[in-house]
Amino acid sequence: MALARDTKQAVIQRFGLDPQDTGSTAVQVALLTTRINELAGHLRLHKKDHHGRRGLLTMVGKRKRLLSYLEKTDYEAYKALIAELGLRR
């Protein structure tokens, strides 16, 4: 399930350095978090969607790797990002 264009643009404007910044670690983590939250809601309704669950686990793993990278390179940005997204880590 892809994100809606307006949702994606709102996340990019909120976490990016400029409106075209789609590749920074903070934006990638924020977009993944948004997709994970939407997919988790879908899986609450459709409990037998195992293919979707596998995609969810893949996204969670990718977000974890990106957060580990951000923690190593810029710890202050990492702390601010997890506080703003409401992630437990």
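Trainee: Let's start small: in which helix is V27 found?

Mentor: V27 sits in helix 2. Helices here are DSSP runs of H or I with at least four residues, numbered from the N terminus. Before we go on, this is a predicted model, where local features need pLDDT of at least 70 and side-chain atom pairs count only at pLDDT 80 or more, while totals for chains, interfaces and linings use all residues. Residues are numbered from 1 along each chain as its sequence is written, and side-chain values use heavy atoms, with hydrogens and water left out.

Trainee: Is V27 buried or exposed?

Mentor: The scale goes like this: buried is under 20% relative accessible area, exposed is over 50%, and partly exposed is in between (1.4 Å probe, protein chains only). V27 has a relative accessible area of 0%, so V27 is buried.

Trainee: And what does V27 touch, leaving out residues up to four places away in sequence?

Mentor: A contact means heavy atoms within 4.5 Å. On that basis V27 touches I12, F15, G16, D21 and T22. For a distance rather than a contact, take L17: 10 residues from V27 in sequence, with 9.0 Å between the C-alpha atoms.

Trainee: How do I read the packing of helix 1 and helix 2?

Mentor: Fit axes to C-alpha atoms over the stretch in contact, then take the angle between N-to-C directions, from 0 to 180 degrees. Helix 1 (residues 5-15) packs on helix 2 at about 140°, and the axes are 9 Å apart. Handedness comes next: a crossing is left-handed if the near helix is turned anticlockwise from the far one by less than a right angle, and right-handed if clockwise. The crossing of helix 1 and helix 2 is right-handed.

Trainee: Which residues meet there?

Mentor: From helix 1 you have T7, K8, V11, I12 and F15, and they meet A26, V27, A30, L31 and T34 of helix 2. By class, that contact has seven nonpolar, two polar and one charged residue. For the classes, Ala, Val, Leu, Ile, Met, Phe, Trp, Tyr, Cys and Pro are nonpolar, Asp, Glu, Lys and Arg are charged, and the others, Gly among them, are polar.

Trainee: Where is G23 found?

Mentor: G23 is in the loop between helix 1 and helix 2. With a relative accessible area of 48%, G23 is partly exposed.

Trainee: Now helix 2 and helix 3: what is their packing angle?

Mentor: Helix 2 (residues 25-45) and helix 3 (residues 50-73) pack at about 155°, with axes 9 Å apart. Angles under 35 degrees are roughly parallel, over 145 roughly antiparallel, 65 to 115 roughly perpendicular, and the rest oblique. Helix 2 and helix 3 are therefore roughly antiparallel. Their crossing is left-handed. The contact of helix 2 with helix 3 has 12 nonpolar, five polar and four charged residues.

Trainee: Can you pick out one residue from that contact?

Mentor: Try L39, one of the helix 2 residues that meet helix 3. L39 is buried, with a relative accessible area of 10%. The C-alpha atoms of L39 and G52 are 7.7 Å apart, though 13 residues separate them along the chain.

Trainee: Last one: how many aromatic pairs does the count come to?

Mentor: Rings of Phe, Tyr and Trp (its six-membered ring) pair if their centres lie within 6.5 Å; planes under 30 degrees apart are stacked, over 60 edge-to-face, and the rest tilted. The count comes to one aromatic pair. The rings of Y75 and Y78 have centres 5.9 Å apart and planes at 35°, so the pair is tilted. Y75 is partly exposed at 42% relative accessible area, whereas Y78 is buried at 3%.
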